[in-house]
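Dear colleague,

I am handing over the structure we spoke about, and below it you will find my notes on what turned up in it. Please read them with the model open beside you.

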Amino acid sequence: MQGVYNVLVNLSGAVLKSASYFSKKLKDFTEGRKDLFPKLEKAIDRSHDYIWVHAASLGEFEMAVPVLKMLKNKYPDSEIVVSFFSPSGFKNKKKHPLVDHFTYLPLDTKENAKKFLDIIQPEMAFFIKYDFWPNFLNELKSRKVRTFLVSGVFRKDQAFFKPYGKWMRSSLKTFEHFFVQNKESEELLNSIGFTNVTVAGDTRFDRVAAQIEADNRIEFIEEFKEDKLLVVCGSTWPEDEELILDFINRSHNIKFIIAPHEIKPEKIKKLEERIKLPLIKYSKKEGKDLKNYDVLILDTIGLLGRAYSYANIAYVGGAAGTTGLHNILEPATFGNPIIIGQNFEKFPEAERLRQLAGLFSVKDSHEFSAIMTKLYTNEDFRRKTGMIAGHFINSNTGATRILEKYL
């Protein structure tokens, strides 16, 4: 099976290059990896020690931030290299104060793995949540590099736990220790012979908890909100809009911020056309009296996390369709009651918060309107629900500390 995998990975390079002519995402994927090794060789200074952290995409990078901060404090003389697999991660995080070098991860061939590690020569390697690449892992093992999985999540439908997955299980032997999010992951690893496992939790809780101490002030949101109840709808997709727009269009004396996941002009225009209340876009706010508008569309990136600090209620997108639920922990850390769609099976933190009654899942616009009406009209219910969400964050921090103690 390892041989078949290697053949397929090598073939995929040519296939992706051809397919990139028809897909912008695939074009970004292939173009971003051009001259990867020469660029990396130029950036790496062999007088330094290096720590390698791999994040599949932007979401995993956010999970890595508290780990990066810990590593910088614990190993101040080492430089940190962060690799991304997806273009969305790399393009949005080309610079960060905790990272010395960003790079794409080359395709998982034996040759690429050797060349990549020959250049970086990491003292340690950290994989965030998942993204298991057998050739990279096997090469790390052959070099005896201390390698760790952080905030790992395993599911029984993964190849590791299938009869045909023996060759994949072998690559897991690279990890010195697994720091996983939940008991189920620990039990699954135990079932295939791995006992070097600690249930440490999710570093995203550490990440969002730190946001409370940051400067979250956004003056134009203060002007827009005034003293009214504010609902922040974050990372929405068209399927989410089907749930929320009917209630928004019938609302009075409530303010709404909508932060769409995609901010392409044509997407924003379609959203605008469906909203009946007075609305203003972030890009058109200058010189406008914001208190005269009921809906503010954030057609920009980078403000949603702080916008949640002004919310009284939050709707988090992604689960109304099949794109995947976005980050519920950001609004929860500010003590917001949270509403999501119904497709969140792969997001255990959402199920846990739902069971605690700090989060509500709705299947259609009628259910959304019902829970919104209750949250709006019953202040005591809204406050208690928000307190549950905030406590959920505070009681689940500490994953980064557990990792630090082990190191």
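K267 counts as partly exposed, at 37% relative accessibility. Please keep in mind throughout that this is a predicted model. The side chain of K267 meets that of E262 in a salt bridge, with 3.7 Å from N to O, and E262 is likewise partly exposed, its relative accessible area being 26%.

This pair belongs to a wider set, since the count of salt bridges comes to 20. Another one joins the side chains of R217 and E222 at 3.1 Å, N to O; here R217 has a relative accessible area of 49% and is partly exposed, while E222, at 33%, is also partly exposed. A further salt bridge brings together the side chains of E272 and K281 at 3.5 Å, again N to O. In that pair E272 is partly exposed, with 25% relative accessibility, whereas K281, at 17%, counts as buried, because the cut-off for buried is under 20% relative accessible area. Finally, D118, E139 and R143 are linked to one another in a network of salt bridges.

Turning to the strands, which residues of β4 are buried on one side, and which on the other? On one side they are M124, F126 and I128, and on the other A125 and F127, so that both faces of the strand are covered. Strand β4 covers residues 124-128, and as five of its five residues are buried, it is largely enclosed by the rest of the structure.

Strand β4 also has pairing partners. It pairs in the parallel sense with strand β1, residues 49-55, over four bridges, and within that pairing F126 of β4 is the bridge partner of V53. With strand β5, residues 146-152, β4 pairs in the parallel sense over five bridges, where F127 stands opposite L149 of β5. Between these two strands the connection is worth tracing on screen, for β4, helix α7 (residues 134-142) and β5 make a right-handed β-α-β unit.

Strand β5 comes up once more in connection with helix α10, which spans residues 203-211 and whose buried residues are T203, R204, F205, D206 and V208. Those buried residues pack against β5 and against a series of helices, namely α4 (58-74), α15 (329-333), α16 (348-355), α18 (379-394) and α19 (399-406).

With best wishes

Note on methods: Residues numbered from 1 in each chain as written. Predicted model: local features only at pLDDT ≥ 70, side-chain atom pairs only at ≥ 80, totals over all residues. Heavy atoms only, no water. Buried < 20%, exposed > 50% of the residue type's maximum accessible area, 1.4 Å probe, protein only. Pairing = 2+ DSSP bridges. Right-handed = clockwise from strand over helix to strand, strands pointing away. Contact = heavy atoms within 4.5 Å. Salt bridge = Lys/Arg side-chain N within 4 Å of Asp/Glu carboxyl O.
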